[in-house]
Amino acid sequence: MIDLAQIFSLTDVDTHWPTLREWKDSKMARYIGVTVSEPRRHTDLEAFLKRERPDTIQVNYSITERESEDRVIPLAADRGVAVIINRPFMNGAYFKRLEGRPLPPWATEFGATTWAQFSLKYILSNPRVTVVLTETSNPKHMAENAQAALGPLPDENARKRMREFIATV
Ligand SMILES: NC(=O)c1ccc[n+]([C@@H]2O[C@H](COP(=O)([O-])OP(=O)(O)OC[C@H]3O[C@@H](n4cnc5c(N)ncnc54)[C@H](OP(=O)(O)O)[C@@H]3O)[C@@H](O)[C@H]2O)c1
């Protein structure tokens, strides 16, 4: 059984969705869902969520890319759909944007000791998020990223402070 079958970037979704539904009905797939990774596809994702019942959606979201925060993620959560996050570091562009900048000292209040953990803890502290994917070729980065799941998370005041800070960068 496939744990999770996803339609990549909603590609030809009307053709593939019935196939995934069949896979789920025949127990070939445990969960089925769709992905997007660009804000211009969020409208299509919202429309899909309104007409179908996926188990999961995958969408881009991070401290620096928050378009999905107000509509897509709440809509999925309201419909009981698990939310998988991609692009937590904007595929690496996040680190270039912050290059040479020290982490604000107050980040340690919610256990973030690196810029990677700063973004991951912002994502994970959204109660509607189920899981966040990160991509790395470096085992040290993998360990650093996994650490973000441990210890405290920012509360609503800290999340606001993070957004205000990142707007100045
Ligand atoms: N449409 C879709 O379905 C879609 C689209 C995009 C992505 N995704 C999925 O999303 C997941 C994440 O990929 P992404 O594209 O969103 O990439 P990402 O995780 O936002 O960024 C990956 C980049 O960040 C760097 N990085 C990772 N951890 C780091 C750390 N602790 N410190 C410094 N640099 C670090 C990596 O370089 P190093 O190798 O040097 O660590 C790599 O260049 C993947 O599973 C991908 O398949 C899905």
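## Aromatic pairs, nonpolar core and helix H1

Arg159 lies over the face of Tyr122, 4.0 Å from the ring centre; a charge counts as over a ring if NZ of Lys or CZ of Arg is within 6 Å of the ring centre and within 35 degrees of the ring normal. The model is predicted, so local features need pLDDT of at least 70 and side-chain atom pairs pLDDT 80 or more, while totals for chains, interfaces and linings use all residues. Residues are numbered from 1 along each chain as its sequence is written, and side-chain values use heavy atoms, without hydrogens or water.

The structure holds 12 aromatic pairs, with rings of Phe, Tyr and Trp (its six-membered ring) paired if their centres lie within 6.5 Å, and planes called stacked under 30 degrees apart, edge-to-face over 60 and tilted otherwise. One of these pairs is Tyr94 with Phe95, edge-to-face at 5.2 Å centre to centre and 75 degrees between the planes. Tyr94 counts as buried because its relative accessibility is 0%, and Phe95 counts as partly exposed because its value is 34%. Here buried means under 20% relative accessible area, exposed over 50% and partly exposed in between, with a 1.4 Å probe and protein chains only. Trp106, Phe110, Trp115, Phe118 and Phe165 form one aromatic cluster.

Phe118 is also among the residues with the most contacts inside the largest nonpolar core, together with Val34, Ile57, Val59 and Ile85. This core has 45 residues; a core is a set of buried Ala, Val, Leu, Ile, Met, Phe, Trp, Tyr and Cys residues joined through side-chain atoms within 4.5 Å. Helix H5 (residues 115-124) gives the most to this core, with six residues. Helices (H or I, at least four residues) and strands (E, at least two) are DSSP runs numbered from the N terminus. Beyond its neighbours within four places in sequence, Ile57 is in contact (heavy atoms within 4.5 Å) with residues including Val34, Leu45, Leu49 and Val72. Others in that list are Ala76, Val81, Ala82, Val83 and Ile84.

Helix H1 (residues 13-25) has 13 residues, and its end C-alpha atoms are 18 Å apart. That agrees with the expected span of 18 Å at 1.5 Å a residue, taken as 1.5 Å times one less than the number of residues. Its buried residues are Val13, Trp17 and Leu20. They cover an arc of only 65 degrees around the axis, which puts them on the same side of H1; the arc is that of the directions from the helix axis to the C-beta atoms. What covers these residues includes strand E1 (2-7), strand E2 (29-35) and helix H2 (42-51). The face turned away from the buried side carries the exposed residues Glu22 and Asp25. Just after H1, Lys27 takes a positive phi of about 65 degrees.

Two loop residues other than glycine also have a positive phi.

| Residue | Phi | Relative accessible area | Loop |
|---|---|---|---|
| Leu10 | near 55 degrees | 7%, buried | between E1 and H1 |
| Met90 | near 50 degrees | 16%, buried | between strand E4 (82-86) and H4 |

Ala112 lies in the loop between helix H4 (93-98) and H5. Ala112 is buried, with a relative accessible area of 0%. Not counting residues up to four places away in sequence, Ala112 touches Leu103, Ala107, Gln117, Phe118 and Lys121. The C-alpha atoms of Ala112 and Gly151 are separated by 9.2 Å, with the two residues 39 apart along the chain.
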